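This report looks at salt bridges and at the burial of the residues that form them. The sequence and structure come first, and the description follows.

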Amino acid sequence: MTETLEEDAVVLRCQATVIRALTGRVAAADVADVVAGLSRLPDDHPERARIAAGLVMTVFRGSQDDTAEYAAYAGDLLRFAEADPPEGPQWTQARIAARMCALLHAGSQGELTDLSPLDDELGALAGLAGDNPALAPAVGLLHTMSGYLRAMNDGNESVLHRMPAELAAHVEQLRDRPEFASLLDMLEPMTRAMAANQRGDHAEMLQWFDAGSRSAAEMPGQEYVRQAIAEAVTRVEPLRALLGESGPELTEERLAELHELADRPDASAHDRALSHLALGAAYLKAGRETDLDRIGTGIAHHRAALALLPPGHPHHAFCQQSVALALLRRSEVAATTEGLDEADELLQSARDALGGPHHPQWAFLNEMLGHIRERNGQPGEVGEIGLLGQRGYAWRALLESDAAGAKIAIRDVTGAAISLARRCLKADDLAAALRALDTGRGLMLFAATELAKVPARLAAAGHTELARRWETEGAGSDGLRREVLSVLTQASEGADGLLDPPSVAEIRAALRNLDADALVYLVPAEGSMPGLALIAPAEGPLAWMALPELSVRDDDGVERYLAALADRSSRNVAVPPAATPAGAPASDPEASPEETPARDLAAPADDDPLLGSFDALCDWAWRAAVGPLLDKYFGPRKRSGGAVPRVVLIPMGDLARIPWQAARRGDGVHAVELAAFSQAVSAQLLCENAAREPVVPSAGGLVVGDPDTGDVALGLDAARLEAHSVRQAFYRGARYVGRRPNGSVSPSGRGTAEEVRRWLADPGPSAGAVLHLACHGSFAAGLDDAKAFLLLAAADPGDDGCGELSAEEILELLVASPGRRIGLVVLAACNTGRSVHGYDEAYSLGTAFLTGGVRSVLSTQWSIPDAQTPSLMYLFHHYLRREGLPPWQALRQAQIWMLDPARVPPDGMPAELLAAVPAGEPAPVAAWAGFLHFGH
């Protein structure tokens, strides 16, 4: 009886609150009292759900500002009400509003640690909201922001890259809604801040972030927005300190604000911990502080943050890293090892918590641990720890669902790889240094091919259902992609793991298969650090040498060449706006407003800047790298029979733009006369290529000669002559498409993109194994619109435009046709070896063919001269088909022929080709050195 009376009293009191809410506003304390009372009622009490639903429909019927004070109780009220919910649109609307308030409150308290269910729930709420003008915009915006938070936690740069556009769409949707005006004032600058951050422009990001923060502080109501911005401020403060944005000393006012955030008694542990982290970073200047007292204060704040967040909290590992980094800084400034053992233990514990390379902080944590071991007298462990950390970059390349996201995710990988390699060399661990350099190479190409192997890998690992889902849902599903990669990474742990570069033994075996003497990495100088060459020979020990002059920034001749190269790439062809890839952001070092290269219509003029830059460039290339390599390393290691050494180069950064085969000794002899040079994307792809069964070129294949590109590009008379002469002399069984020397269209085809696509995917033996393309090539480097493609004939004969075949499409076609055996692709088009994603990434038309399984590829470094290229190409095919030389050797012999003033043409060489390279003097460097060889 007593229990019944108590329950009745609770019910009456709660019902009275609901009635008051119907006629006016109730205090948050009254709502709290209802929640407490309903909690005391039995789960099956008939009035519990009814009262909770009634209160939800009364207090969560206004704007977000009106309901913010009740948000802490929304979750409990919904839990009670949904045991027996009412029906009708009024309940649906109130439930959505209450659930949004509950989620915002949980987020502000740091309680939303698993964002996957949150994303799913918000998607369901968006479906319920439909086009309700009072709810749909807010639910949609919240859904977008939850996706942003999830992507931040996962390190998914593809999602983050798309976020500014999604937020901009929300902004446009809300622009005509006066009630959202203050929210727009905050959203627009925040959207710009996100976009700047994606471009890597942190200074601009901070500028827009500050503008958005000021707008948020001035917003009427919107308490949860202000709380979210306050949390973001604490996250951004370390970056501001790192960039020196707050000046050499923080102002007393700013310090007081941060202390107030850290010490406010009503704040959650999560909020206080974030504030202490911001204070710690501020006092330490993100690792640049030199005053030991201030460093000590920073350590204390980081320790306070760690104490507030227990193990298992999503930010606990970050707090551990922060303390360790602060201890490392104190060790450096005090010139002592004190505290390094503790830092080591903290990082090991944090690494266990991160769980593996899937975590965004994995690479940074292991890099820091390697620094601590090195400083603590354990340099021999640097390589092992560093390579473990570098797996994080390979993971991120595989995780990203678009090229822009992948480029952002791995933009630091090359610098990290070079830094690790230098530290490994310092520890005399050359094998680790070699593997470290390879972790920064060709990750986007690697990802493109590895993802195609996913179904087979899953089946081999016993995950047939996951393989079925992959083939059904595809790689575009971010959640599935992450799940699959986690499974494959665990299944491939070990020396031959999915994320690891090849071993030295594997590299040696590949070099022997390719009949190459050594793989040589060329690493540019940086600051006070000299350039270097790291050498992996087919036989004998690894070696390295310092190359002090190997810098493209410290030599006027090299800088003139690079400037002329960029200028030459943008001349000679006018592409209408519809066919021109959009320019990249100015912050991208590879970008230019418009890069639409084409084969030149004539030999370069005497005053051509590129031609005028070669003398100084070739002399520098010998001094800086090729001379020391050939004289000091390969000189004492002569091949039997007097054969010249064959060297496979992996030039890093801007060094990939240099025609190393054109390096010139003091007596005028070029490097190509002393050695054979090929290039590779990475040791990983070198090993894959070497393992493929050779395909000997035969008389069959496809030859493309200057297809009609309408108004997009000018005709190439010499390219037609080149293609027709090559086909008639060496590939009579090949199909010829495009235009013939007299300008008429070949009856076999106009040279459309579709004709080339069909040939690439044709597994039949009659298709042949050689593709020669004498046409226009184009590329644009940037973040969003990076693209490399061939300009071919339009699908419609009456179209004034052209057809395009991109590097991405080429790679997709070849990966989807594993049975296609192509021995040789010759890209006699401009800039087909130029990377659109940065030279360390090496993603070009040529490497797309190579990665897709083509055994040998010839591509170009610049806009090749249309008049003289046909002679070089004819000689290349002559040495390949008539004299039986492998492609790398055939190219070298053709280049030497061009250099020989007393050159004698082979029988049958057309007189028109000879006229462009008259005997009596060497052909200019621009006429022969632009071609690179990759592969067999």
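## A salt bridge between Arg 665 and Asp 667

In this predicted model, the side chains of Arg 665 and Asp 667 come together in a salt bridge, with a distance of 2.7 Å from N to O. Arg 665 has a relative accessibility of 29%, and it therefore counts as partly exposed, whereas Asp 667 counts as exposed because its relative accessibility is 53%, a value that lies over the 50% cut-off.

## A network of shared partners

Elsewhere, salt bridges with partners in common connect Asp 706, Asp 717, Arg 720 and Arg 739, so that these residues belong to one network by the salt-bridge criterion. The count of salt bridges in the model comes to 30.

## A buried pair that links distant parts of the chain

Asp 500 and Arg 391 also meet through their side chains in a salt bridge, at 2.8 Å from N to O. This pair joins distant parts of the chain, since Asp 500 lies in the loop between helix 26 (478-491) and helix 27 (504-513), while Arg 391 belongs to helix 19 (residues 382-399), and the two are 109 residues apart. Both Asp 500 and Arg 391 are buried.

## An exposed and a buried partner

A further salt bridge is formed by the side chains of Asp 43 and Arg 48, at 2.8 Å from N to O. Asp 43 counts as exposed because its relative accessibility is 63%, whereas Arg 48, with a relative accessible area of 9%, is buried, as this value falls under the 20% cut-off.

Technical notes: Residues are numbered from 1 along each chain as its sequence is written. This is a predicted model: local features need pLDDT of at least 70, side-chain atom pairs count only at pLDDT 80 or more; totals for chains, interfaces and linings use all residues. Side-chain values use heavy atoms; hydrogens and water are left out. A salt bridge is a side-chain nitrogen of Lys or Arg within 4 Å of a carboxyl oxygen of Asp or Glu. Buried means under 20% relative accessible area, exposed over 50%, partly exposed in between (1.4 Å probe, protein chains only). Helices (H or I, at least four residues) and strands (E, at least two) are DSSP runs, numbered from the N terminus.
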